[in-house]
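Me: I have a model in front of me and would like to learn how to read it with care. Could you take me through its features one at a time?

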Amino acid sequence: MYATQALTHVVPLAEEFDKNKVTPGVLGFIVFAALAVGVWLLMKSMNRHMGRVNFEEAPDPDAVSADAKTSGTATGHAR
């Protein structure tokens with residue numbers, strides 16, 4: 001069978017195909033499910049890594065020096 005003969009058999013099927021009722025099908029579902037599982041695994045990993053973070057903010061050096069100056073004058077110990 002030649003390609004042109006095979007094409008003539010497929011063309012009538014394409015005319016019966018309703019373009020308004022096209023759905024993503026099984027492949028679309030599989031791709032969507034794979035993306036959803038991937039996002040879920042990434043979120044789970046991110047939560048695990050964020051739980052391990054031990055963050056303590058270092059004091060601001062300007063604020064520490066300002067506190068030292070005000071506390072020295074407030075107690076009456078002037079140099």
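Me: Which elements of the protein chain have the lowest and the highest mean pLDDT?

Reply: pLDDT is the predictor's confidence in each residue, from 0 to 100. Here helix α1 (residues 3-16) has the lowest mean, 61, and α2 the highest, 96, while the protein chain has a mean of 78, with 65% of its residues at 70 or more. This is a predicted model, in which local features need pLDDT of at least 70 and side-chain atom pairs count only at pLDDT 80 or more, whereas totals for chains, interfaces and linings use all residues. Residues are numbered from 1 along each chain as its sequence is written, and side-chain values use heavy atoms, leaving out hydrogens and water.

Me: How many helices and strands does the protein chain have?

Reply: Helices (H or I, at least four residues) and strands (E, at least two) are DSSP runs numbered from the N terminus. The protein chain has 3 helices and 0 strands.

Me: Where is Met-46, and is Met-46 buried or partly exposed?

Reply: Buried means under 20% relative accessible area, exposed over 50%, and partly exposed in between, with a 1.4 Å probe and protein chains only. Met-46 lies in helix α2 (residues 25-52) and is partly exposed, because its relative accessible area is 41%. Of the 79 residues in the protein chain, 0% are buried.
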